[in-house]
Amino acid sequence: MSRLTRRQVLYSSAAALTGAVLAAPAAFPASAAGRPADGHGHSAGHGHSAGHQMPEPFDEVYQGRHIEGWPADDDGSPDGGHGGHHTGGAAGPHEGMDFVVRIDNDDLHVMRNADGTWISLVNHYETFTTPRALARAAVRELQGAELVPVVTG
């Protein structure tokens, strides 16, 4: 009978560990290990068309900055459409947006990705699971600088 060498044992262990690491995301996609922490990162495989619910409105002070957000279909105002900017047949300031996010009363342009995550112009290459997490990250990234609103048209 032949004896295993140390090299053979290490090689076999490394191969088994690699296989387990590669198989874990497929085996546990909905577990805590498959979900991002603190609202940052990609969502666990849900598409926008698969019935994503609209995030909850928020209004808070974060690191000395006033951040707020609400669904854009509330007629452009955080108070549910009472006193918003939308007038008659004219397009409102949030036309085409799913969710409105403001930092110190300035609009932060946000977009929802197909996988249900959110991005902004401040953090365009980072995705977040909620607009609140996105707004907080934008405040950190701005480091006290003023948000310059996007002017279109």
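Visitor: What area does the protein expose, and what share of it do carbon and sulfur atoms supply?
Guide: The model is predicted. The protein's exposed area comes to about 10,100 Å². Of that area, the share from carbon and sulfur atoms is 56%.

Visitor: What pattern do the helices and strands follow along the sequence?
Guide: The secondary structure consists of two helices and six strands. Read along the sequence, their order is α-β-β-β-β-β-β-α.

Visitor: What percentage of the residues count as buried?
Guide: A residue is buried when its relative accessible area is under 20%. The protein has 153 residues, and the portion that counts as buried is 28%.

Visitor: Which element supplies the largest share of the largest nonpolar core?
Guide: The largest nonpolar core has 18 residues, and those with the most contacts inside it include F58, I67, V101 and L134. At least two residues of this core come from each of β1 (58-62), β3 (99-103) and α2 (131-142). In soluble globular proteins, nonpolar side chains tend to be buried together. The largest share here is seven residues, and the element supplying it is α2.

Visitor: How many residues of strand β2 are buried?
Guide: Strand β2 spans residues 65-71 and is mostly covered. Of its seven residues, the number buried is six.

Visitor: How many bridges join β1 to β2, and in which sense do these strands run?
Guide: One pair of facing residues is D59 and E68, the latter in β2. Bridges between β1 and β2 number five, and the strands run antiparallel.

Visitor: Which residue in the hairpin of β1 and β2 takes a positive phi?
Guide: This hairpin has two residues between the strands. A positive phi near 50° is taken by Q63.

Visitor: Which residue in β3 stands opposite P71?
Guide: Strands β2 and β3 pair in the antiparallel sense, over five bridges. Opposite P71, in β3, stands F99.

Visitor: Why does R102 count as buried?
Guide: R102 is found in strand β3. The cut-off for buried is under 20% relative accessible area. R102 counts as buried because its relative accessibility is 10%.

Visitor: With which side chain does the side chain of R102 make a polar contact?
Guide: A polar contact needs a pair of N or O atoms within 3.5 Å. The contact from the side chain of R102 is at 3.3 Å, and its partner is the side chain of N105.

Visitor: What percentage of contacts between residues at least 6 apart in sequence join residues at least 24 apart?
Guide: Contacts between residues at least 6 apart in sequence are the ones considered. Among them, the portion joining residues at least 24 apart is 54%.

Methods. Residues are numbered from 1 along each chain as its sequence is written. This is a predicted model: local features need pLDDT of at least 70, side-chain atom pairs count only at pLDDT 80 or more; totals for chains, interfaces and linings use all residues. Side-chain values use heavy atoms; hydrogens and water are left out. Helices (H or I, at least four residues) and strands (E, at least two) are DSSP runs, numbered from the N terminus. Buried means under 20% relative accessible area, exposed over 50%, partly exposed in between (1.4 Å probe, protein chains only). Contact means heavy atoms within 4.5 Å. Accessible areas come from the Shrake-Rupley method with a 1.4 Å probe; for residues, only the protein chains shown count as cover. A nonpolar core is a set of buried Ala, Val, Leu, Ile, Met, Phe, Trp, Tyr and Cys residues joined through side-chain atoms within 4.5 Å. A polar contact is a pair of N or O atoms within 3.5 Å; within protein, one must be able to donate a hydrogen and the other to accept it, and residues adjacent in sequence count only if both atoms are side-chain atoms. Two strands pair if DSSP finds at least two bridges between them.
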